[in-house]
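Biologist: Please take one part of this model and look at it closely, residue by residue where that helps. I would like a single connected account, with the cut-offs stated as the terms come up.

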Amino acid sequence: MSQACGAVSLLTAAVVVMFAAAGNPQTNQNLPDYVALLPQVKAKAPRIDPQKGYLVQQLKPDVYMITEGAYESAFVTTGKGVVLFDAPPSFAKHIVEAVGETTREPVIELVYTHMHVDHIGGAGMILKQVPKLQILAEEGTAEFLREMQDPHRPVPTHTFKDHYTLKIGSLTADMKVGHWHSPEGDLLIYIPDKKVVIAIDAFSSGATPFMNLDLTMNMHEYLRFFDQLGAMDFDVVVPGHHGTPANKEDLAIAKSYVTDVYNTITRILGEDRQALKTRAVQKYGPENTWAIASVIINDEINQCANEIKGRWINRLEGVDIWAASHCHTALVYAEWDVGPR
Ligand SMILES: [Zn+2]
């Protein structure tokens, strides 16, 4: 959780700094130079009415996505009430209003996809508007939230372990617990008759994963996630970010990117760095083992990031921003979990 909170506060701080610096070219000089937004990403970015602050997009009959451009939540009309999936605090104040634009059915149930505050930290606000709200989560997420006692993330009213089929009115949603992102648990949610999947914080449409491969705490499960989702019969995914639903092609591209990162760092780890190590030993002394390790690891990450940038910079958004962090996460997995092959 601390990583996600850190990411949110860093993002918020970055936005504040960017706005503060916008009119000051001298301050802007200290900011990194990133490549411009790719035209294909610009073209499919959601058009958010700034007065309104959010957009409701219909994905399938009865299935909708709400976004403010950066985060996503989904809702489904069932004939018996609306089931909501996640409540990002960045637009939570608009959610009940957004649902009301689409249907007269009240919100009756909220599902937490995982415990991260940036995706469900608006739940407390929804509960104030809908006091009889039922909240569903898997047990690992619920246990964490019981400990946290966070009014923004109310404790779920009902929970399950491993697997659950939520049936309300016309909705059947199959939910399986995974661990591709959050250590407590992530939900892989499938609405089979709509061919819709809700799978938050694994990949995005048009962009690389967020920092450190979407902050995964379990790279092994993260790699398996792509095969697991790829085997499912779907045509739309709500991925949680960028305000754009994803499809099978987006998944295939993301899998190809992540596989490239992993294979690249694995190959680099097998290369001889004795010359660099000798120089590091000369400079820092043989007893300064952390300095020596740091020089070698940083060199491996830099080489990996440069190779990845060369292959992906024109294909996905964010390669120059996050590739080094992706290589770092893959290095930790390849070196410590997988080990030499
Ligand atoms: Zn998350």
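**A close view of one part**

Modeller: With a relative accessibility of 18%, Asn212 counts as buried, a word that here means under 20% relative accessible area, with exposed being over 50% and partly exposed in between (1.4 Å probe, protein chains only). The model is a predicted one, in which local features need pLDDT of at least 70 and side-chain atom pairs count only at pLDDT 80 or more, whereas totals for chains, interfaces and linings use all residues. Residues are numbered from 1 along each chain as its sequence is written, and side-chain values use heavy atoms, with hydrogens and water left out.

Asn212 lies in helix H8, residues 211-215, where helices (H or I, at least four residues) and strands (E, at least two) are DSSP runs numbered from the N terminus. Although Asn212 is not a glycine, its phi is positive, at about 55°. Leu213, which also has its place in H8, is likewise not a glycine and has a positive phi of about 55°. As background, most residues other than glycine have a negative phi. The relative accessible area of Leu213 is 0%, and Leu213 is therefore buried.

The part that I would examine at greater length is strand S3, together with the strands paired with it. S3 covers residues 72-77, and since 6 of its 6 residues are buried, the strand is largely enclosed by the rest of the structure. This holds for both of its faces: Glu72, Ala74 and Val76 lie on one side, Ser73, Phe75 and Thr77 lie on the other, and all of them are buried. To set that against the whole, 49% of the 341 residues of the protein chain count as buried, and the chain contains 13 helices and 12 strands.

S3 has strand partners on record in this model, a pair being counted if DSSP finds at least two bridges between two strands. With strand S2, residues 63-67, S3 is joined by 5 bridges, and these two strands run antiparallel. Within that pairing, Ile66 has Ser73 of S3 as its bridge partner. The hairpin of S2 and S3 has 4 residues between the strands, and there Gly69 takes a positive phi near 115°.

With strand S4, residues 82-85, S3 shares 4 bridges, and this pair also runs antiparallel. Thr77 has Val82 as its bridge partner in S4, while Val76 stands opposite Val83 in that strand. In the hairpin of S3 and S4, which likewise has 4 residues between its strands, the residue with a positive phi, near 90°, is Gly79.

S4 can be followed a step further, as both of its faces are covered too: Val82 and Leu84 on one side, and Val83 and Phe85 on the other, are all buried. Beyond its pairing with S3, S4 is joined by 4 bridges to strand S5, residues 107-111, and here the two strands run parallel. In this pairing, Val82 stands opposite Val107 of S5. Val82 thus appears in two of the pairings, as the bridge partner of Thr77 and opposite Val107. For orientation while you trace these strands, the C-alpha trace of the protein chain spans about 70 × 50 × 40 Å along its principal axes.
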